[in-house]
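Me: Could you walk me through this structure, one question at a time? I work at the bench, so please spell out the cut-offs as we go.

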Amino acid sequence: MSELSLFFAQNAACDTTEEFAVSLRFKDKEGNPAVWKLRSMNEEENQECRKAATRKIKGKNGTYSTEIDPNEYMAKLMTASIVHPDLKNTELQRSYGVMGAESLLRKMLLPGEFAALGERVQALNGFATDMNELVDDVKN
């Protein structure tokens, strides 16, 4: 096997999945914390999340610049990484009185749970640095 073949698609590890108990408030039938199933994503999916969280801002003299909303980007990254529970399920969204996966996630979780999930999703997707630093890098 040549050195280059190490990088062929068939030799790359597939998406990583893991289970994570986001909250002690959600219990399974046995009373144990319900686990969420998370997956890694590729850079193409990450770009879709980033693009969806990017806004054009009108500046002086009619010029426009782009700005990424870091909170929106993080919510999109998290929802794209969650396999279970299905945050797009309309019945689940209806039970919380919201529409949309990001809105549901914000409504379901306490702030600390949301932050812990965000850290886990970042680590699963290979982000070793703080998300705010990454957003600053993307802006530049």
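Me: Happy to start with helix 1: which residues are exposed on its other side, away from the buried ones?
Reply: A word on the source first: this is a predicted model, in which local features need pLDDT of at least 70, side-chain atom pairs count only at pLDDT 80 or more, and totals for chains, interfaces and linings use all residues. Residues are numbered from 1 along each chain as its sequence is written, and side-chain values use heavy atoms, with hydrogens and water left out. Exposed means over 50% relative accessible area, buried under 20% and partly exposed in between, with a 1.4 Å probe and protein chains only. On that scale, the exposed residues on the other side of helix 1 are Glu44, Glu48 and Lys51.

Me: And which residues of helix 1 are buried?
Reply: Helices here are DSSP runs of H or I with at least four residues, strands are runs of E with at least two, and both are numbered from the N terminus. Helix 1 covers residues 43–52, and its buried residues are Asn46, Cys49 and Arg50. They lie on the same side of the helix because their arc around the axis, taken from the directions from the axis to the C-beta atoms, is only 100 degrees.

Me: Which residue caps the N-terminal end of helix 1?
Reply: A polar contact is a pair of N or O atoms within 3.5 Å; within protein, one must be able to donate a hydrogen and the other to accept it, and residues adjacent in sequence count only if both atoms are side-chain atoms. Here a side-chain oxygen lies 3.1 Å from the backbone nitrogen of Glu44, and the capping residue that supplies this oxygen is Asn42.

Me: Nice! What is the bridge partner of Lys37 in strand 5?
Reply: Two strands pair if DSSP finds at least two bridges between them. Strand 1 (residues 17–20) and strand 2 (residues 36–39) run antiparallel and are joined by four bridges, with Glu19 partnered by Lys37. Strand 2 also pairs with strand 5 (residues 82–84), antiparallel over two bridges. In strand 5, the partner of Lys37 is His84.

Me: Is Arg39 buried or exposed?
Reply: Arg39 sits in strand 2, and a polar atom of its side chain lies 3.2 Å from the backbone oxygen of Ala80. Its relative accessible area is 19%, so Arg39 counts as buried.

Me: Which elements give two or more residues to the lining of the second largest pocket?
Reply: On a 1 Å grid over the protein atoms alone, a pocket is an open set of points where a 1.4 Å probe fits, with protein on both sides within 12 Å along at least five of seven lines; lining residues have an atom within 4 Å of a point. The second largest pocket is lined by residues including Arg39, Cys49, Ala80 and Pro85. Two or more residues each come from helix 2 (70–81) and helix 4 (101–108).

Me: Is the peptide bond from His84 to Pro85 cis or trans?
Reply: Pro85 lies in the loop between strand 5 and helix 3 (90–96). With omega near 10 degrees, the bond from His84 to Pro85 is cis.

Me: Last one: which residue has a positive phi although it is not a glycine?
Reply: Look in the loop between strand 3 (54–58) and strand 4 (64–68). The residue there is exposed, at 79% relative accessibility. With a phi of about 60 degrees, the residue is Asn61.
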